Amino acid sequence: MKTEAILTCPKCGKKQEATMPTDACQHFYKCIHCGEMLKPKEGDCCVFCSYADIKCPPKQAEALQK
Ligand SMILES: [Zn+2]
């Protein structure tokens, strides 16, 4: 399971590496470039599902079980 994700800020468009917690969904993430507080899009469980290049650990586990 991958826990290192690349988040792309929807405001400034810059990328940043972030480590995802494996036991919970992270709902907020502050952009290190512009300071924007990222929140999940509607229907997504966490900021990683909305803005990162890979899904969060709970979603990855779900995908593996299918
Ligand atoms: Zn930003």
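**A tour from the hairpin to the core**

Start with strands β1 and β2 (residues 15-19): they pair in the antiparallel sense over 5 bridges. Keep in mind as you click around that this is a predicted model. The two strands form a hairpin with 6 residues between them. In that turn, pick out Gly13, which has a positive phi of about 80 degrees.

Next, select β1 alone, residues 4-8, and show its side chains. They alternate: Ala5 and Leu7 point to one face and are buried. Glu4, Ile6 and Thr8 point to the other face and are not buried.

Now centre on Ile6, which lies in β1. Is Ile6 buried or partly exposed? Ile6 has 13 C-beta neighbours inside 10 Å, so Ile6 counts as partly exposed, since burial takes 20 or more. Its bridge partner in β2 is Glu17. Leaving out residues up to four places away in sequence, Ile6 touches Lys15, Glu17, Ala52 and Asp53.

From here, draw a distance from Ile6 to Phe48: the C-alpha atoms are 8.5 Å apart, although 42 residues separate the two in sequence. Moving on to Phe48, look for its contacts with Ala5, Met20, Gln26, Lys55 and Cys56, again not counting residues up to four places away in sequence.

For the last stop, select the largest nonpolar core, made up of Ala5, Leu7, Met20, Tyr29, Leu38, Cys46, Val47, Phe48, Tyr51, Ala52 and Cys56. Two elements, β1 and α1 (47-51), give two or more residues to this core. The largest share, 3 residues, comes from α1.

Definitions and conventions. Residues numbered from 1 in each chain as written. Predicted model: local features only at pLDDT ≥ 70, side-chain atom pairs only at ≥ 80, totals over all residues. Buried ≥ 20, exposed ≤ 12 C-beta atoms within 10 Å, placed from the backbone. Helix = DSSP H or I, 4+ residues; strand = E, 2+ residues; numbered from the N terminus. Pairing = 2+ DSSP bridges. Contact = placed C-beta atoms within 7 Å. Core = buried A, V, L, I, M, F, W, Y, C linked by C-beta atoms within 7 Å.
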